[in-house]
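Trainee: Got a minute to go through this one with me? I'd like to talk about exposure, helix packing and cavities.

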Amino acid sequence: MSTSSIDDGKTVTQMYHARQGTITEAMRIVAAKEHLDPELVRSEVARGRMVIPANINHKNISPMAIGIATTCKVNANIGNSPVSSGIEEELDKLRTSIKYGADTVMDLSTGKNIRPIRQAIIDNSPVPIGTVPIYEAIEMVNDPLDLTADMLLEVIEHQAQQGVDYMTVHCGLLREFVPLVHSRITKIVSRGGSLMAQWMKHHDRQNPLYERFDDLLEICRKYDVTLSLGDGLRPGCLHDASDEAQFAELKVLGELTLRAWEKNVQVMIEGPGHVPLDQIAMNMEKERELCHEAPFYVLGPLVIDISPGYDHIASAIGGAVAGWNGASMLCYVTPKEHLGLPNAEDVRNGIIAYKIAAHAADIARHRPHARDRDDELSRARYGFDWNKQFELSLDPDRAREYHDETLPEDAHKSAEFCSMCGPKFCAYKISQEVENMIPIAEVKKAAG
């Protein structure tokens, strides 16, 4: 569905509508999904604290929102690499992402066939699709150093025409910030950030996206593309977290946010990937202060560095704390992080870990109806309604699989025990018997 309109031949963004006092169809859909007043959605979009990433050319999208007033969202990264995967494999990852609850999906494809893969993903996705345009731009040249600002903007416009809903652009990594990474262990871990730093140092010129930011805004305004201002200097290990380089870039992202809002372009800010647990709250507050409360979209963050193969767990811990402290969207990490290209099963494991983190954050923030499903599952659990428990689980297939491994018969779906405790040691069953032994008068007395 088209979620914006045309005015004098130019696209009018959700932010423009909101600032004019208009509640769009997309805002009404978001309000219904989030149990919010449509006027609150409108005012948050107008203020810039909420974004509705919905390119006018992404026709089958179901509008959603990212912002502090909404539930904490989860993004899944998919995409091929120069050595692995293709269209069918990426569509399988997309289907897996949607099945297990990803709120947005980023196509981070590199190598060949980027455009047809992206088009297939957009055509098959009801959720917003994000990209990092510099990846495709690099494929246009034999040497990354031959890239020009015009080439990069050409790629950005083509992706906008295809229907990309939000784009990660590393506009805030300035030439003068590159030497600040000298004391880091992992230097620059962002692929886009490292490419931009290499280009600037080689040409001894400023960041072309910073210099051509107004041209970038014009493209985004035309198609209602949400800018995801990338953190090219995000820390890649605990040692490098919260340093001068990270916060110097964040300050520039705050300045660019105000410029984007002047053009009614929606903005969210990307955040760090590795942060000690005790520094997460400070990082969230720093972003609110420097970036004027634009939605914060964080990668994890990982709270330890020694968990290869289990980085989805280490980062989900950080993601829960980040969401609790105000992050609006969490970019998932899979078990393959730092090790290789994820497959569909890795995508599944990463999404479920992050759905847990985001949901824990929503409960901690006392969002409307956030705990309803938990309470319903708890009642089903106490009532030995196994099928209801499976249905309410974040991953019903896995819950049923684990239960049925040791109790496979259909009759066991109503059994008043599981294979851990058996019929004699089930605390729920015993509790029910104890409850039946308590006189009504004692229950009423205890209730006050």
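Trainee: Is Val434 buried, partly exposed or exposed?
Mentor: Keep in mind that this is a predicted model. Val434 has a relative accessibility of 41%, and because partly exposed runs between 20% and 50%, Val434 counts as partly exposed.

Trainee: Which helix does Val434 lie in?
Mentor: Val434 is in α18, which covers residues 427-437.

Trainee: And how far apart are Val434 and Leu174 in space?
Mentor: They're 68 Å apart, C-alpha to C-alpha, with their positions 260 residues apart in sequence.

Trainee: OK, switching to helix packing. What do people usually quote for that?
Mentor: For two packed helices, you give the angle between their axes and the distance between the axes.

Trainee: So what are the numbers for α7 and α10?
Mentor: Their axes come within 10 Å and cross at roughly 10 degrees. Since angles under 35 degrees count as roughly parallel, α7 is roughly parallel to α10.

Trainee: Which residues meet there?
Mentor: From α7 you have Leu153, Ile156, Glu157, Ala160 and Gln161. On the α10 side they meet Asp215, Leu216, Ile219, Lys222 and Tyr223. By class, the contact has six nonpolar residues, one polar and three charged.

Trainee: New topic: cavities. How many are there of 30 Å³ or more?
Mentor: Four. The largest has a volume of about 80 Å³, and the second largest about 60 Å³.

Trainee: What lines the largest cavity?
Mentor: There are 14 lining residues, and the closest to the centre are Asp231, Gln246, Leu250, Glu270 and Pro272. Helix α11 (244-262) and strand β10 (267-271) each supply at least two lining residues, and α11 gives the most, with five.

Trainee: How do the residues of that lining divide by class?
Mentor: The lining of the largest cavity has seven nonpolar, three polar and four charged residues.

Trainee: And the second largest cavity, how does its lining divide by class?
Mentor: That lining has ten nonpolar residues, one polar and no charged ones. Among the lining residues are Ile134, Ile138, Leu152, Met196, Trp199 and Pro208, along with Thr148.

Trainee: Which helices supply at least two residues each to that one?
Mentor: α6 (133-139), α7 (149-162) and α8 (191-203). The most come from α8, with three residues. So α7 turns up twice in our chat, because it also packs roughly parallel to α10.

Conventions
Residues are numbered from 1 along each chain as its sequence is written. This is a predicted model: local features need pLDDT of at least 70, side-chain atom pairs count only at pLDDT 80 or more; totals for chains, interfaces and linings use all residues. Side-chain values use heavy atoms; hydrogens and water are left out. On a 1 Å grid over the protein atoms alone, a cavity is a set of points where a 1.4 Å probe fits but cannot get out, and a pocket is an open set with protein on both sides within 12 Å along at least five of seven lines; lining residues have an atom within 4 Å of a point. Grid points are joined across faces, edges and corners, and a volume is the space filled by probe spheres set on the points. Helices (H or I, at least four residues) and strands (E, at least two) are DSSP runs, numbered from the N terminus. Ala, Val, Leu, Ile, Met, Phe, Trp, Tyr, Cys and Pro count as nonpolar, Asp, Glu, Lys and Arg as charged, and the others, Gly among them, as polar. Buried means under 20% relative accessible area, exposed over 50%, partly exposed in between (1.4 Å probe, protein chains only). Axes are lines fitted to C-alpha atoms, for helices over the stretch in contact, and angles run from 0 to 180 degrees between N-to-C directions. Angles under 35 degrees count as roughly parallel, over 145 as roughly antiparallel, 65 to 115 as roughly perpendicular and the rest as oblique. Contact means heavy atoms within 4.5 Å.
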